[in-house]
Amino acid sequence: MTIQLYGIPNCDTVKKARKWLEEAGVDYVFHDYKKEGADPARLAQWVDAAGWEVLLNRRGTTFRKLPDEQKDGIDRDRAIALMVEHPSMIKRPVVEHDGGLLVGFSQGDWAAALQ
């Protein structure tokens, strides 16, 4: 099974996820948000599947540095716009696979879904 892994290469969680995939022998294609950006239509699909609250990384520096007026009253469409404008606000990694979508890295969840 080949999967699509989305993230930023220097992110520690993405590094752990890539190492896990390689050790598990799972083929993947890597999409680097920094170089390739974030597709609004794909983000909308992910939001519909997982919820914008799961995908929007509100703990990261990029989000925390936003002015309060940009952080207040976030809804689905505003969250997508923020993630398109600032791909580092997307929780990492995101994996598209035949069975669905994984957001974040959890060895147990990944093993159940990808092996």
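Q: In which strand is the place of L101?
A: This is a predicted model, in which local features need pLDDT of at least 70 and side-chain atom pairs count only at pLDDT 80 or more, while totals for chains, interfaces and linings use all residues. Residues are numbered from 1 along each chain as its sequence is written, and side-chain values use heavy atoms, with hydrogens and water left out. Strands are DSSP runs of E with at least two residues, helices are runs of H or I with at least four, and both are numbered from the N terminus. L101 lies in the strand that covers residues 100-103, namely β4.

Q: Does L101 count as buried, partly exposed or exposed?
A: Buried means under 20% relative accessible area, exposed means over 50%, and partly exposed lies in between, with a 1.4 Å probe and protein chains only. The relative accessibility of L101 is 25%, so this residue counts as partly exposed.

Q: Which residues is L101 in contact with, leaving aside its neighbours within four places in sequence?
A: Contact means heavy atoms within 4.5 Å. H31, 70 residues away from L101 in sequence, stands 15 Å from it in space, C-alpha to C-alpha. Once the neighbours within four places are set aside, the contacts of L101 are W46, A49, A50, V94, V95 and E96.

Q: Do β3 and β4 pair in the parallel or the antiparallel sense?
A: Two strands pair if DSSP finds at least two bridges between them, and β3 and β4 form a hairpin with 2 residues between them. Within this hairpin, V94 stands opposite V103 in β4. Over 4 bridges, the sense in which β3 and β4 pair is antiparallel.

Q: Is the peptide bond from R92 to P93 cis or trans?
A: Most peptide bonds are trans. P93 has its place in the loop between α7 and β3. For the bond from R92 to P93, omega is near -15°, and the bond is cis.

Q: How many residues has the largest nonpolar core?
A: A nonpolar core is a set of buried Ala, Val, Leu, Ile, Met, Phe, Trp, Tyr and Cys residues joined through side-chain atoms within 4.5 Å. In the largest one, the residues with the most contacts inside it include Y33 and W46. Among the elements that give two or more residues to this core are β1 (2-7), α1 (12-24) and α3 (40-50), and the size of the core in residues is 35.

Q: Why is the ring pair of Y6 and W46 called stacked, tilted or edge-to-face?
A: Rings of Phe, Tyr and Trp (its six-membered ring) pair if their centres lie within 6.5 Å, and planes under 30 degrees apart count as stacked, over 60 as edge-to-face and the rest as tilted. A search of the whole structure finds 5 aromatic pairs. Y6 lies in strand β1 and W46 in helix α3, so their pair ties together parts that are 40 residues apart in sequence. Because their centres are 4.8 Å apart and their planes stand at 75°, the pair is edge-to-face.

Q: Which residue has the ring that the charged end of R18 sits over?
A: A charge sits over a ring if NZ of Lys or CZ of Arg is within 6 Å of the ring centre and within 35 degrees of the ring normal. The ring in question belongs to the residue in β2 that L5 stands opposite. The charged end of R18 is 4.0 Å from the centre of this ring, which is that of F30.
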